[in-house]
Amino acid sequence: MFEKLTLVGIGLIGSSIARAGKLKGPAKTIAITTRKAATLEEARSLGLGDIYTLDAAEAVEGADLVILCTPVGVYADVMQQIRGQLAPGAILSDVGSVKGQVMKALEPLMPQGVHFIPGHPIAGTEHSGPSAGFPDLFVGRWCVLTPKPEVDPVAVDRLVSFWGALGSNVEVMDAAHHDLVLAITSHVPHLIAYNIVGTADELGEVTSSEVMKFSAGGFRDFTRIAASDPTMWRDVFLSNKDAVLEMLGTFNEDLSKLTRAMRRGDGEALFEHFTRTRAIRRGIVEIGQDSAAPDFGRLQTNAPKKS
């Protein structure tokens, strides 16, 4: 139990933490701060917290847990605002999907006695803003924590328990390893999605109305992740560029192999590759990270009715 949780930023992840926190009680008081008055008022109208303020320093005063829920590109600016009000013994964490660059940026600004435990809840949707959050977002999903070895293990255990209370499975790992893993499981897929949707938009032989009208499942799902917050993803790719570029190199090598197989008419090579990758998809479903239901379990409320 934390006495006071402060959420700096209140988009999809921050609002989901607030909603889950209200229901599951890992913090007695929730303070919310954001740069924009309209966003803060939206959070207030939704009843996401107990304290609302545009002053980040005021929001973190007396908090024993502070979680940065802003784009990673503004972390250093936020830290400059709040560092003087962070209490000794408090835990400072975040929800960004890049960890190495975050640690480099924030560690020099960390006040004495504050426990810095970077975090990344691997959960989300393509939607953003306070209204996009929901309390079950983290249930059955993984949250990765990347504290330095010298961080107080008691503080780490408290944060593990916090995320566990929200429904997450929690893993502690090295920041550099996290960034490499997420480069291939999240960052490169988003980059490919943005690129494919952009390529379709630029095709002179196909109109934009045809692209939308005839979207099959594959292209439709690419557009889903390509609809994610552009500010957040711009910061992710700039902050984790080394790992992303390394994974892109491997991806391009594999793409070249598939290209050669198609040119040569090598159906056996294509079949072997597709069989291997299909098994990975089945494995994701088996460990509960997605649904095997038709259309990945997504509700199709606007789908045309069958005659």
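**Figure 1. The second largest pocket of the predicted model holds about 370 Å³ of space.** Its lining comprises 20 residues. Those nearest the pocket centre are Gly100, Gln101, Lys104, Ala176 and Asp179. Four elements each give two or more residues to this lining: helix 5 (100–106), helix 7 (175–202), helix 10 (230–239) and helix 11 (241–264). Helix 5 supplies the largest share, with four residues. By class, the lining has eight nonpolar, five polar and seven charged residues.

**Figure 2. Helix 11 packs against helix 12 (residues 267–286), with axes that come within 8 Å.** The two axes cross at roughly 140°. Helix 11 brings Leu258, Ala261 and Met262 to the contact. Helix 12 answers with Ala269, Leu270 and His273. Five of the contact residues are nonpolar, one is polar and none is charged. Helix 11 also appears in Figure 1, where it gives two or more residues to the lining of the second largest pocket.

**Figure 3. Six strands build an open, parallel sheet.** The strand order is 3-2-1-4-5-6. Strand 3 (51–53) and strand 6 (115–116) stand at the edges. Each edge strand has a single partner, so one of its sides is left without a neighbour in the sheet. In general, strands of a sheet pair through backbone hydrogen bonds, either parallel or antiparallel.

**Figure 4. Strand 5 (residues 91–94) meets edge strand 6 through two bridges.** The two strands run parallel. Isoleucine 91 stands opposite histidine 115 of strand 6. Helix 6 (residues 153–165) packs on the sheet here, touching strand 5 and strand 6 as well as strand 1 and strand 4. The direction of helix 6 makes about 50° with that of strand 5.

**Figure 5. Helix 1 (residues 12–24) lies across three strands of the sheet.** These are strand 1 (2–8), strand 2 (27–33) and strand 4 (65–68). Helix 1 runs at about 160° to strand 1. Strand 1 and strand 4 are also touched by helix 6.

**Figure 6. Confidence along the chain has a mean pLDDT of 87.** A pLDDT of 70 or more is reached by 90% of the residues. Residues 299–307 fall below 50. Beyond near neighbours in sequence, that stretch has one contact in the model. Where pLDDT is low, the predicted coordinates should not be read in detail.

Methods:
Residues numbered from 1 in each chain as written. Predicted model: local features only at pLDDT ≥ 70, side-chain atom pairs only at ≥ 80, totals over all residues. Heavy atoms only, no water. pLDDT = per-residue confidence, 0-100. Contact = heavy atoms within 4.5 Å. Pairing = 2+ DSSP bridges. Axes fitted to C-alpha atoms, helices over the stretch in contact; angles between N-to-C directions. 1 Å grid on protein atoms, 1.4 Å probe; cavity = no way out; pocket = protein on both sides within 12 Å on 5 of 7 lines; lining within 4 Å. Points joined across faces, edges and corners; volume = space filled by probe spheres on them. Nonpolar A, V, L, I, M, F, W, Y, C, P; charged D, E, K, R; others polar.
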